[in-house]
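Work through the exercises below with the model open. Each task is followed by a solution in steps.

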Amino acid sequence: MLSVRRAALAGLARAGEGAPGPGLGPGLGLGRACSARLLLPPGSAAQPDPPGWREAVTAAVGALQAGGLVAVPTDTVYGVACLAQDSGAVRSIYSLKGRNGRKPLAICLGDVERLYRYCQVNVPDELLRDLLPGPVTLVLQRSEELNKDLNPFTSLVGVRIPNHPFIRELARACSGPLALTSANVSCQASTLTVSLSLIIDGGPIGDVQSPECRLGSTVVDLSVSGKFTIIRPGCALASTVEILRQKYGLVPESS
């Protein structure tokens with residue numbers, strides 16, 4: 001039974017991640033389908049509101065509200081986002097990726113407080129705040145509030161709150177969660193049938209020469225009370241496991 005459960009969760013390990021790519025170059029793989037591109041101001045990842053920042057957020061929000069898809073930087077790698085509550089946009093993101101509907105999308109939020117609206121949380125709030133924002137995807141039971149057309153074949157959802165000021169500000173500016181998936185192409189079919197409305201180019205993410213740069217977030221299932229399952233090791237495995245085991249006494253689900 002445990003192996004079946006892990007197989008069902010495996011797709012969540014691929015949700016919400018993409019290629020780091022220097023300045024959204026070949027690593028993105030979707031640039032030819034894009035209609036517009038904005039460069040974030042230099043140093044914007046560390047400076048909350050540099051000149052041009054607000055304009056980029058406003059442009060991205062407008063594209064999302066129009067049902068568009070936007071390529072965005074995160075704290076790990078680049079992703080493609082749409083409004084999770086917009087069923088048409090969710091279908092578009094699957095079409096762009098050439099991905100079937102059984103491979104789940106993660107949701108992205110700006111703050112921990114908003115997580116409770118879309119997920120059923122069975123861990124302490126302090127635990128959430130120890131891991132988020134950061135390079136971790138938490139898999140939880142979804143709530144009735146989340147769009148039923150998003151990941152209709154699973155009762156779980158992966159949640160990301162990246163430690164990157166632009167995407168957090170973008171998520172805060174939207175009325176609902178973002179759906180987030182990789183900025184690489186799942187397969188070649190249908191990759192040009194839908195256009196990206198906008199690319200937000202934040203430049204290279206992390207050390208592009210380091211293999212760890214491409215690992216993406218650590219994905220951990222917390223949907224079973226008192227237990228955890230690492231679905232993907234990612235870039236923050238050691239620190240995540242230490243927090244779960246040492247501070248909160250959670251045990252691996254296989255034990």
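**Exercise 1.** Which residue in β11 is the bridge partner of Val219?

Solution. The model is predicted, so local features need pLDDT of at least 70, side-chain atom pairs count only at pLDDT 80 or more, and totals for chains, interfaces and linings use all residues. Residues are numbered from 1 along each chain as its sequence is written, and side-chain values use heavy atoms, without hydrogens or water.

Step 1. Locate the strands: β10 covers residues 218–221 and β11 covers residues 227–232. Helices (H or I, at least four residues) and strands (E, at least two) are DSSP runs, numbered from the N terminus.
Step 2. Strands pair if DSSP finds at least two bridges between them; β10 and β11 are antiparallel and joined by three bridges.
Step 3. The partner of Val219 is Arg232.
Step 4. Five residues lie between the strands of this hairpin, and Gly226 in the turn has a positive phi of about 80 degrees.

**Exercise 2.** Follow the chain from β11 to β12 and state the handedness of the unit that results.

Solution.
Step 1. β12 (residues 251–252) runs parallel to β11, with two bridges between them. Phe228 has Pro252 as its bridge partner in β12.
Step 2. Helix α7 (residues 237–247) completes a β-α-β unit with β11 and β12, and this unit is right-handed. The term applies if, with the strands pointing away from the viewer, the path from the first strand over the helix to the second runs clockwise.

**Exercise 3.** Is Ser87 buried or exposed, and what does Ser87 touch?

Solution.
Step 1. Ser87 is in helix α3 (residues 87–97).
Step 2. Buried means under 20% relative accessible area, exposed over 50%, and partly exposed in between (1.4 Å probe, protein chains only). Ser87 counts as buried because its relative accessibility is 18%.
Step 3. Contact means heavy atoms within 4.5 Å. Not counting residues up to four places away in sequence, Ser87 touches Asn147 and Asp149.
Step 4. The side chains of Ser87 and Asn147 also form a polar contact of 3.2 Å. Such a contact is a pair of N or O atoms within 3.5 Å; within protein, one must be able to donate a hydrogen and the other to accept it, and residues adjacent in sequence count only if both atoms are side-chain atoms.

**Exercise 4.** Describe the surroundings of Gly110 and helix α6.

Solution.
Step 1. Gly110 sits in the loop between β4 and α4, and counts as buried because its relative accessibility is 0%.
Step 2. Leaving aside neighbours within four places in sequence, Gly110 is in contact with Ile161, Arg168, Ala171 and Arg172. The C-alpha atoms of Gly110 and Ala171 are separated by 4.9 Å, although the two are 61 residues apart along the chain.
Step 3. Arg168 and Ala171 are among the buried residues of α6 (residues 165–173), as are Phe166, Ile167 and Leu170.
Step 4. The buried residues of α6 pack against α2 (53–65), β2 (70–72), β4 (106–108), β8 (178–182) and β9 (198–201).

**Exercise 5.** How many residues are in the largest nonpolar core?

Solution.
Step 1. A nonpolar core is a set of buried Ala, Val, Leu, Ile, Met, Phe, Trp, Tyr and Cys residues joined through side-chain atoms within 4.5 Å.
Step 2. The largest one has 43 residues; Ile107, Leu115, Leu127, Leu138, Leu150, Leu222 and Leu244 touch the most other members.
Step 3. The largest share of this core, five residues, comes from α3.
Step 4. A second, separate core of 22 residues includes Ala60, Val61, Leu64 and Val72.
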